[in-house]
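Please consider the predicted model shown below. The paragraphs that follow lead from a buried side chain to a helix and then to the surface.

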Amino acid sequence: SNHRLLVMRGLSGGAVVVLYFYALAHIPAGEAGILYNVYPVVAVAMSLVIFKERPTIHLWLAILAASLGVAMVLSQGRLGLGFGRGQLAALAAAAFAATSANAIRAVRHTDNAATIFFFFCVAGLPVVLPFALTPWPGGTGAWALAVLMSLLAYAGQLLMSEAYGTLSVPEAAIWLQLLPIVQYLLAVPLLGERITLPGLAGVLVTVAGVAYGTVLGQRRRV
């Protein structure tokens, strides 16, 4: 029904993909992850203006605690942030991701998750298509991973859009902080990476923040 917001979500989503991949090509993954992961907080700030959503003090504390935990996980206690085109790209990706989050929240009043995902693919295609014109890799392994990634992303996009039908932007922001935590934990069995003490402490802080916000952060609904 709301074609303007649906197209906006598709364009901003395509911009997120391009900008974040550009950032990963120019700065370390941990630094890019920290800068990009400010988008749930930016989304909350936008929602204050767009939807007049007022997070409780418990919700603010939970968002701050979860963000701190994510920073601990990604930094591993040794990250020094600089400022260049890679950092700018990561911050721009965060801004577009926050825009997408609010667009999804707004359009869920009129359209379902499958419709939102369809417009994400159609409207986002012109943004990413020029970057697909370079030579593609060969081999069945790369294509198998690409298909698996596509299926997982498809499920993730639908579930996220569905969640915004019942959660406010601030409430969803807490749960979104679990994304880099899950990535960090999955990297142990899949990539052979090690868990460090700062990283483990960050995981505990993030989970505690999410639990705190889930239990005490919601306003009572009439």
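**From the interior to the surface**

E171 counts as buried because its relative accessibility is 8%, and the cut-off for a buried residue is under 20%. This glutamate lies in helix α8, which covers residues 169-176. Its surroundings include a polar partner: the side chain of E171 comes to 3.0 Å from the backbone nitrogen of S168.

Attention may now turn to helix α6, which runs over residues 113-128 and so comprises 16 residues. From the first C-alpha to the last, helix α6 reaches 22 Å, close to the 22 Å expected at 1.5 Å a residue. Which residues of α6 are buried? They are A113, I116, F117, F119, F120, A123 and G124. In general, an α-helix has 3.6 residues a turn, so residues three or four places apart point the same way. The buried residues of α6 pack against three helices: α1 (3-26), α5 (85-107) and α7 (140-163).

The surface offers another view of the model. There, L185, I195, L197, L200 and L204 form a nonpolar patch, and together these residues have about 500 Å² of accessible area. Which helix gives the most to this nonpolar patch? Helix α10, spanning residues 197-216, does so with three residues. One residue of the patch, L204, is found in helix α10. L204 is classed as exposed because its relative accessible area is 55%, where the cut-off for exposed is over 50%.

Taken together, E171 in helix α8 is buried, whereas L204 in helix α10 is exposed.

Key:
Residues are numbered from 1 along each chain as its sequence is written. This is a predicted model: local features need pLDDT of at least 70, side-chain atom pairs count only at pLDDT 80 or more; totals for chains, interfaces and linings use all residues. Side-chain values use heavy atoms; hydrogens and water are left out. Patches are made of residues with over 30% relative accessible area and no salt bridge: like charges are joined within 9 Å, nonpolar side chains (Val, Leu, Ile, Met, Phe, Trp, Tyr) within 5 Å. Accessible areas come from the Shrake-Rupley method with a 1.4 Å probe; for residues, only the protein chains shown count as cover. A salt bridge is a side-chain nitrogen of Lys or Arg within 4 Å of a carboxyl oxygen of Asp or Glu. Helices (H or I, at least four residues) and strands (E, at least two) are DSSP runs, numbered from the N terminus. Buried means under 20% relative accessible area, exposed over 50%, partly exposed in between (1.4 Å probe, protein chains only). The expected span of a helix is 1.5 Å times one less than its number of residues. Contact means heavy atoms within 4.5 Å. A polar contact is a pair of N or O atoms within 3.5 Å; within protein, one must be able to donate a hydrogen and the other to accept it, and residues adjacent in sequence count only if both atoms are side-chain atoms.
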